Amino acid sequence: MDAWMTLLGLQVLLLPLLAHYTAHTSTLSFVAVGDWGGVPNAPFHTAREMANAKEMARTVQMMGADFIMSLGDNFYFTGVHDANDKRFQETFEDVFSDRALRNVPWYVLAGNHDHLGNVSAQIAYSKVSKRWNFPSPYYRLRFKIPRTNMTVAIFMLDTVMLCGNSDDFVSQQPTMPQDLGVARTQLSWLKKQLAVAKEDYVLVAGHYPIWSIAEHGPTRCLVKHLKPLLATYGVTAYLCGHDHNLQYLQDENGVGYVLSGAGNFMDPSVRHQRKVPNGYLRFHYGSEDSLGGFTHVEISPKEMTITYIEASGKSLFKTSLPRRPRL
């Protein structure tokens, strides 16, 4: 009788685990976090960054994540000097140190503050850290949704090289790229890639937002050069940071705009509310007394689900986007 009861007890314990495992085997999921880059003085991290790291670990355990997408401003306020810079240890490795995060790969892109330092050092750090992946300023990722024949393409951009750097304290807008030829090359690479992308989901990610109601507002250069490509080539969503809050917007073509810039600071500003077309904004969260947050993205054969999670553990908003029609 005792043995039977023990077996029954084990079954009860294992059932939720099995259900959890089954639910997550035919999905691809990741955490997207931006603007998480600590501070340049001891202890080199903020309470918000620490809270985000802790909640990200819990989310990875509960909801699963195949990788973490970093949306730029990885090291405040002036990036890093070289691949041996202590900031890699103090702001990244020591903060995202939970056992649940140790083997989860990061895919990284650069923000405006990273460009005030040495971006090539962040790229070189890929050879130092087993989980930091930053192969070049812009690059393509391709994933298969487990146990299906569905695929996902992600284009990681350098929007600072595309549009120019922006001094957060003087001007809110990047005025022009440092090298026009380099900017054109990146845009032309993206156009060619999108034109032939046959994947079931196509995502584009960069630091600057296309649309935002907050402090920096829409990035004019991206509204002009990048936004038209998203509709033309049937992109599922654009992911970004830069503004220090959480936003979800959707345009008339069904393209989703996921702004996740709350990894280290929170800014309640909605000063550019009128610069975003009516009806686009579906969700905004920038509460100053919040510990920040991030997004969890889960891609199934049917749809892509985006959940906005506060660092306190609260689910703030959830939405989904359909799979692209098969060509």
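Which side chains does a polar contact of 2.6 Å join? They are those of Glu-93 and Tyr-125. Keep in mind throughout that this is a predicted model.

Let me stay with Glu-93 for a moment. Glu-93 belongs to helix H3, which covers residues 87–93. Its relative accessible area is 16%, and because the limit for buried is under 20%, Glu-93 counts as buried. Besides Tyr-125, the Glu-93 side chain has a polar contact with the side chain of Arg-131, at 3.0 Å. Leaving out residues up to four places away in sequence, the residues that Glu-93 touches are Phe-88, Tyr-125, Ser-129 and Arg-131.

Two of those names come back when we turn to the aromatic residues. Phe-88 and Tyr-125 are in a cluster linked by ring pairs, together with Trp-36, Phe-75, Phe-92, Phe-96, Trp-106 and Trp-132. For the model, the count of aromatic pairs comes to 28. One of them is Phe-75 with Trp-132, a tilted pair with 6.0 Å from centre to centre and 40° between the planes. Why does this pair tie together separate parts? Phe-75 sits in the loop between S2 and H3, whereas Trp-132 is in strand S4, residues 132–133, so the parts joined are 57 residues apart in sequence. Phe-75 is buried, at a relative accessible area of 0%. Trp-132 is buried too, also with a value of 0%.

A second pair is Phe-283 and Tyr-308. Their ring centres are 4.9 Å apart with the planes at 55°, so this pair is tilted as well. Phe-283 is part of strand S11 and Tyr-308 part of strand S13, so here the parts tied together are 25 residues apart in sequence. Both residues are buried.

Strand S11 takes us to the sheet. In what order do the seven strands of the open sheet run? The order is S5-S6-S7-S8-S10-S9-S11, and the pairing is mixed. At the edges are strand S5, residues 139–144, and strand S11, residues 281–285, each of which pairs on one side only. On average, neighbouring strands in this sheet are turned by 15° against each other, with direction ignored.

At the S5 edge, S5 runs antiparallel to strand S6, residues 151–156, and six bridges join the two. As an example, Tyr-139 has Met-156 in S6 as its bridge partner. Helix H6, residues 180–196, packs on the sheet and touches S5, S6 and strand S7, which is 201–205. The direction of H6 makes about 170° with that of S6.

Last, helix H2, residues 47–63. How far apart are its end C-alpha atoms? They are 24 Å apart, which agrees with the 24 Å that 17 residues should span at 1.5 Å a residue. The buried residues of H2 include Ala-51, Ala-53, Met-56, Ala-57 and Val-60, but also Arg-48, Glu-49, Asn-52 and Glu-55. What covers the buried residues of H2? The cover includes strand S1 (28–33), strand S2 (67–70), H3, strand S3 (106–108), strand S12 (293–299) and strand S13 (303–310). So two elements from earlier return here, because H3 holds Glu-93 and S13 holds Tyr-308. After H2 comes Gly-64, with a positive phi near 85°.

How values were computed:
Residues are numbered from 1 along each chain as its sequence is written. This is a predicted model: local features need pLDDT of at least 70, side-chain atom pairs count only at pLDDT 80 or more; totals for chains, interfaces and linings use all residues. Side-chain values use heavy atoms; hydrogens and water are left out. Two strands pair if DSSP finds at least two bridges between them. Helices (H or I, at least four residues) and strands (E, at least two) are DSSP runs, numbered from the N terminus. Axes are lines fitted to C-alpha atoms, for helices over the stretch in contact, and angles run from 0 to 180 degrees between N-to-C directions. Contact means heavy atoms within 4.5 Å. Buried means under 20% relative accessible area, exposed over 50%, partly exposed in between (1.4 Å probe, protein chains only). A polar contact is a pair of N or O atoms within 3.5 Å; within protein, one must be able to donate a hydrogen and the other to accept it, and residues adjacent in sequence count only if both atoms are side-chain atoms. The expected span of a helix is 1.5 Å times one less than its number of residues. Rings of Phe, Tyr and Trp (its six-membered ring) pair if their centres lie within 6.5 Å; planes under 30 degrees apart count as stacked, over 60 as edge-to-face and the rest as tilted.
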